[in-house]
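Thanks for sharing this one with me. Here are my notes, in numbered points, so that you can follow along with the structure open.

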Amino acid sequence: IHFAMAKKSSDDTSQFVRRDVVSKLLKGEYPGMVPLGYVNINRDGHITKGRDDPQKYMMLLELDRPLRREEIDPIDGPLVARLFQEASRGTRSLPALRSFSGELGLRAKHGRKLSKTAVWNLLTNPYYYGVIRYNRKLYTENIQHEPLISKALFDQVQEAIGRRRKGIYRRHLFTFGGCVMVCGDCSCPVTAERQKGYVYYHCTQSRGGCTQRGWTREELVGEQFTALLSRLQLPQSFLDYAFPKLKQCHATQAALSAARRQKLQSQLNGCHGRLDRLLQMKLSPGNAEGALVSDEEYIKEKARIREELDTVQRQLAAQEGQSQTWVEDCERFFSFTQHLARKFEEVSIEDKRGALFLVCSKLTLKDHRVVAEFREPFAAVAAFPLAGMPERTQSERRKLLAVAEKPKNVECWLGILDVIRTFWLTDNKNVMLGGIPFRQ
């Protein structure tokens, strides 16, 4: 009898804890100690004992507002965000990111350095962009904590560390090695070897049936990639002509931005309306036993609308937070691309690999020839008719300006600027390559 009573008490406690956890998740609260970079605030308004620090508490009081139950750590929070930015470059392995976190000053309990597993779990935790993952489920509604990073940065980190997830430990670091470049015949990774003082690239042939048997010298690959980067360089005479014209039509572009925000707002309202109609259909008396919409269909459709809603909200927030000095931002971007090919030959291997991940979405090698697929907005710049054109003589400059004034090229130029604002400025990417800062 005593054993049965103890078992019943244990089961009741377990059910109570489960209900409490689910209740917190539905309210948007994390059921436990928040990840590194955040602190828990108890009911008395103080930091919980696990991460209590008088300095942190005084910094939180300077916010001059009621504290939430989950607040960004005023000291460790910016360090975690810096770790995400470094991981997004894709140039560091997991052990190197662990060492970098130690250099930043991130520590686990009792002052120990973070383990590789802890760094991996930190970089793959969606909590930092405003989503709670618990028991392999994602909770996106009623989130109480403030995001530390953007969803775009989180996705970029997943792509960067996902490329380095497979493979063995590498003793040497090569510019185009380590899943940066793939074979154009079989899509296997291209590996690098050092033979007699020279670096050669060749297909790993891990899937078999590849016809590429030759090896390519690194100097040849570097020359071809530098030539590809030179396609991103526009004639300086055209830029000197185009930017004053751009400043004149700034009012028109501002009106277009307002129209774009209005369109996004209408899309946002449409998503909310579809969610309301879906919920009404689910709760209607005619939906007995799933006659109108089943539970699986409801969950699937709701997840799809929520994903679209989150995308529109991010775009709208980016539009609203966009700098009014976007013309100057565009000038800094083109200053970056104008010197990119030259700086690529001068910087370190890590900076070169950072440039590869930044500029290219895919790099292939076939028959000793390198082909690059540029990311946006670099792809739009490379597709511009005047990209890479020479301007050595005065007659060539006059021809360039004559070509630039054609309506088709003017429309293409404005399209490039729109792509830059959409894919670059609104994501607030921070680029530092060989001393060329794009945005501080």
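**Notes on the model**

1. Let me begin with strand 10, where the side chains alternate: Val370, Ala372 and Phe374 face one way and are buried, whereas Arg369, Val371 and Glu373 face the other way and are not. Buried here means under 20% relative accessible area, exposed means over 50%, and partly exposed is in between, with a 1.4 Å probe and protein chains only. In a regular strand, side chains alternate between the two faces of the sheet.

2. A word on the basis of these notes. This is a predicted model, in which local features need pLDDT of at least 70 and side-chain atom pairs count only at pLDDT 80 or more, while totals for chains, interfaces and linings use all residues. Residues are numbered from 1 along each chain as its sequence is written, and side-chain values use heavy atoms, with hydrogens and water left out.

3. Now the overall picture. The protein has 16 helices and 12 strands; these are DSSP runs numbered from the N terminus, with helices (H or I) of at least four residues and strands (E) of at least two. Of its 440 residues, 38% are buried. Among contacts with a separation of 6 or more, 63% join residues 24 or more positions apart, where contact means heavy atoms within 4.5 Å.

4. Back to the sheet that holds strand 10. Three strands in the order 5-9-10 form an open sheet with mixed pairing, and its edge strands, strand 5 (182–183) and strand 10 (369–374), each pair on one side only. Two strands pair if DSSP finds at least two bridges between them. Strand 9 (residues 360–366) pairs with strand 10 in the antiparallel sense over six bridges. Leu363 has Ala372 in strand 10 as its bridge partner, and Thr364 stands opposite Val371 in strand 10.

5. Please look at the turn between these two strands. Strand 9 and strand 10 form a hairpin with two residues between them. Asp367, in the loop between strand 9 and strand 10, has a positive phi of about 55° although it is not a glycine. Asp367 is exposed, with a relative accessible area of 53%. His368 lies in the loop between strand 9 and strand 10 and has a positive phi of about 60°, although it is not a glycine. With a relative accessible area of 38%, His368 is partly exposed.

6. Beyond strand 10, the peptide bond from Glu376 to Pro377 is cis, with omega near 5°. Pro377 sits in the loop between strand 10 and helix 14 (378–382).

7. Which helices lie across strand 9 and strand 10? Helix 7 (residues 218–230) does, running at about 35° to strand 10. Helix 13 (residues 349–359) does as well, running at about 105° to strand 9. Axes are lines fitted to C-alpha atoms, for helices over the stretch in contact, and angles run from 0 to 180 degrees between N-to-C directions.

8. There is also an antiparallel sheet to inspect: three strands in the order 6-7-8 make an open sheet. Strand 6 (190–195) and strand 8 (216–217) are its edge strands, each pairing on one side only. Strand 6 and strand 7 pair over six bridges, while strand 7 (residues 198–203) and strand 8 pair over two bridges. Tyr200 is worth finding in strand 7: Tyr200 is the bridge partner of Glu193, and Arg217 in strand 8 is the bridge partner of Tyr200. The hairpin of strand 6 and strand 7 has two residues between the strands, and Lys196 in the turn has a positive phi of about 55°.

9. Next, a helix pair. Helix 4 (residues 94–104) and helix 5 (residues 116–123) pack at an angle of about 90°, with their axes 9 Å apart. That makes helix 4 roughly perpendicular to helix 5, a term for angles of 65 to 115 degrees (under 35 is roughly parallel, over 145 roughly antiparallel, and the rest oblique). Leu94, Pro95, Leu97, Arg98 and Ser101 in helix 4 meet Lys116, Val119, Trp120 and Leu123 in helix 5.

10. Finally, the interior. The largest nonpolar core has 55 residues, and Tyr201 and Phe334 have the most contacts inside it. Apart from that core lies another, of 29 residues, among them Leu106, Leu122, Tyr127 and Tyr129. A nonpolar core is a set of buried Ala, Val, Leu, Ile, Met, Phe, Trp, Tyr and Cys residues joined through side-chain atoms within 4.5 Å.
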